[in-house]
Amino acid sequence: MIPDKIIEKCKKGDRPSQGMLYNTCAPYVFTVVKSYVKDEDYVKDIMQEAFAAIFKSIDSYDSKKGSFKPWIAQITIRKCINHLKYFEKFRICSDLEVVDTFSDEDFSHLDELSVNDISVLLHEMPSGYKTIFMLSVIDEYPHTEIAKLLDISPETSRSQLHRAMKWIKKNIFKSSNHCRYEAL
């Protein structure tokens, strides 16, 4: 994604290198932000906050510990979570429920969905469900880490993921022969 020499120059405050890093990474950061935040008006603000945090903490990046892309994703996701906590009506229901198991057959029609279908579905998903679904399924955070990020228990995270899966199943699979999205 970004050559190590550009990152090293960014660590020294080299403005052209910072511009190159921004121009190269902006589409990726934009995609991460859009996947967590529904409101278009906030996307650029969160991107700006993410890049400010990236440049502020770039000295802590160590290529020996991992690649740059996951590092900037983690910073960006944390900015998105902060936004959701403080500016949106972000609610996590902490009621615990009996968790059913889902079979592969429950989601067998997923292969028929286009990227656009999935984007539309995620856009309509309630914020609390979507956030935990994104963190757990897409970004592969363990429930213990999700719990720390969102100030909830790991059990609540698991319960919310289960509710998100039920929501997906309810809203995608209206008929066994047709896979289609229907908004609430």
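Does aspartate 151 count as buried or exposed, and at what relative accessibility? In this predicted model, aspartate 151 comes out at 63% relative accessibility, so it counts as exposed, the cut-off being over 50%. The residue sits in the loop that links H7 to helix H8 (154–172). Its backbone is worth a look too: phi is near 55 degrees, a positive value in a residue other than glycine.

Glutamate 140 tells a similar story in another loop, the one between H6 and helix H7 (143–150). Here phi is positive again, at about 60 degrees, although the residue is not a glycine. With a relative accessible area of 65%, glutamate 140 is exposed.

Stepping back to the whole chain, the fold is built from eight helices and zero strands. Read from the N terminus on, that gives the run α-α-α-α-α-α-α-α. Of the 184 residues in the chain, 40% are buried. The chain exposes about 10900 Å², and carbon and sulfur atoms supply 51% of that area. As for how the contacts are spread along the sequence, take those with a separation of 6 or more: residues 24 or more positions apart account for 67% of them.

One helix pair can be described in some detail. Helix H4 (residues 68–87) packs with helix H6 (residues 127–138) at an angle of about 165 degrees, and their axes lie 12 Å apart. Since angles over 145 degrees count as roughly antiparallel, H4 and H6 are therefore roughly antiparallel to each other. Their crossing is left-handed. On the H4 side, the contact is made by Ile77, Ile81 and Leu84, while H6 brings in Ser127, Thr131 and Leu135. Sorted by type, the residues of this contact are four nonpolar, two polar and no charged.

H6 also holds lysine 130. This lysine is buried, because its relative accessible area is 4% and the cut-off is under 20%. What does lysine 130 touch, not counting residues up to four places away in sequence? The list includes a run of neighbours from Lys34 through Ser35, Tyr36 and Val37 to Lys38, and it also takes in Leu122, His123 and Met125. So the charged residues picked out here end up in contrasting settings: lysine 130 is buried, whereas glutamate 140 and aspartate 151 are exposed.

Conventions: Residues numbered from 1 in each chain as written. Predicted model: local features only at pLDDT ≥ 70, side-chain atom pairs only at ≥ 80, totals over all residues. Heavy atoms only, no water. Axes fitted to C-alpha atoms, helices over the stretch in contact; angles between N-to-C directions. Helix = DSSP H or I, 4+ residues; strand = E, 2+ residues; numbered from the N terminus. Parallel < 35°, antiparallel > 145°, perpendicular 65-115°, else oblique. Left-handed = near helix turned anticlockwise from the far one by under 90°. Contact = heavy atoms within 4.5 Å. Nonpolar A, V, L, I, M, F, W, Y, C, P; charged D, E, K, R; others polar. Buried < 20%, exposed > 50% of the residue type's maximum accessible area, 1.4 Å probe, protein only. Areas by Shrake-Rupley, 256 points an atom, 1.4 Å probe, with all protein chains shown as cover.
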